[in-house]
Amino acid sequence: MSQSQREDAARSRIIVFVPDEPGALAQVTGALGEAGINVESIDGRRIGELGVITLSTSDDDAALHALLEADLRAVTSDAVVFHLPDRPGALAGVARRFAEHQLSVRTIHIVHRHAGEAIVAVSTDDDAAARALLDAGSLL
C-alpha cells in the first residue's frame, strides 16, 4: 500500500449504530470476520441507549456491504455524523448555519432518535466546512 493509500485509509471510516446491549459488538465484528474483513481501528461510545462504533477496515466498501447484509445500520466516512437535541427547530438551526456559509446539503438522514437526542448523518458539498460549523462535542 502506498503512502497516499495509507493516509486515505487512515481517514476513511465507517460508523455503525447498534443497540447498547450485550452482543452488539460481537454482531458487528462477527459480520466483518465472516466476510474476511480485518478491523484496523475501532472506537465505541454510548449515546443514550445507542452504541456508536467507529471503525476502519482492510476493505471499507466490502465492510459496509457486509454490515448492511447483517441488517446493521452503518454510514461511510463521506457523512458528517452529529447529534443534537431532538426538539423543534434544532435541525433548522444547523441547516441555517450551513446555508449562511453557502454549503449545499446533498443527503441527510436522521439515523436515530431517542430520549431527547437525534443522531443525524449529512453529506454536503464541503464536509470539512460542515464539520467546522458544528460544535466539536456533537460530532461522532
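Here are three short exercises, with worked solutions, on a predicted model.

**Exercise 1.** Find which residues make the nonpolar surface patch, and which strand gives the most to it.

*Solution.* Start with the members: Leu91, Val105, Ile108 and Ile110 make a patch of about 310 Å². Next, look at strand S6 (residues 105-114), which gives the most, with three residues. Then place Leu91, which lies in helix H4 (residues 90-100). Finally, check its cover: Leu91 counts as partly exposed because its relative accessibility is 31%, and that class lies between 20% and 50%.

**Exercise 2.** Work out which residues of H4 are buried, and what they pack against.

*Solution.* First, pick out the buried residues of H4: Ala90, Val94 and Phe98. They span an arc of only 80 degrees around the axis, so they sit on the same side of H4. Now turn to the other side of H4, where Arg96 and Glu100 are exposed. As for packing, the buried residues of H4 meet strand S5 (80-85), S6, strand S7 (117-124) and helix H5 (127-133). One last stop: Gln102, just after H4, has a positive phi of about 60 degrees.

**Exercise 3.** Determine how many residues of strand S3 (residues 50-57) are buried, and how S1 and S2 pair with S3.

*Solution.* Begin with the count: eight of the eight residues in S3 are buried. Leu50, Val52, Thr54 and Ser56 point one way, while Gly51, Ile53, Leu55 and Thr57 point the other way. Now take the neighbours. Strand S1 (residues 14-19) runs antiparallel to S3 and is joined to S3 by six bridges, with Ile15 opposite Thr54. Strand S2 (residues 39-47) is also antiparallel to S3, over eight bridges, and Val39 has Thr57 as its bridge partner. To finish, visit the hairpin of S2 and S3: two residues lie between the strands, and Gly48 takes a positive phi near 65 degrees.

Definitions and conventions
Residues numbered from 1 in each chain as written. Predicted model: local features only at pLDDT ≥ 70, side-chain atom pairs only at ≥ 80, totals over all residues. Heavy atoms only, no water. Patch = residues over 30% accessible without salt bridge, like charges linked within 9 Å, V, L, I, M, F, W, Y side chains within 5 Å. Areas by Shrake-Rupley, 256 points an atom, 1.4 Å probe, with all protein chains shown as cover. Salt bridge = Lys/Arg side-chain N within 4 Å of Asp/Glu carboxyl O. Helix = DSSP H or I, 4+ residues; strand = E, 2+ residues; numbered from the N terminus. Buried < 20%, exposed > 50% of the residue type's maximum accessible area, 1.4 Å probe, protein only. Arc of directions from axis to C-beta. Contact = heavy atoms within 4.5 Å. Pairing = 2+ DSSP bridges.
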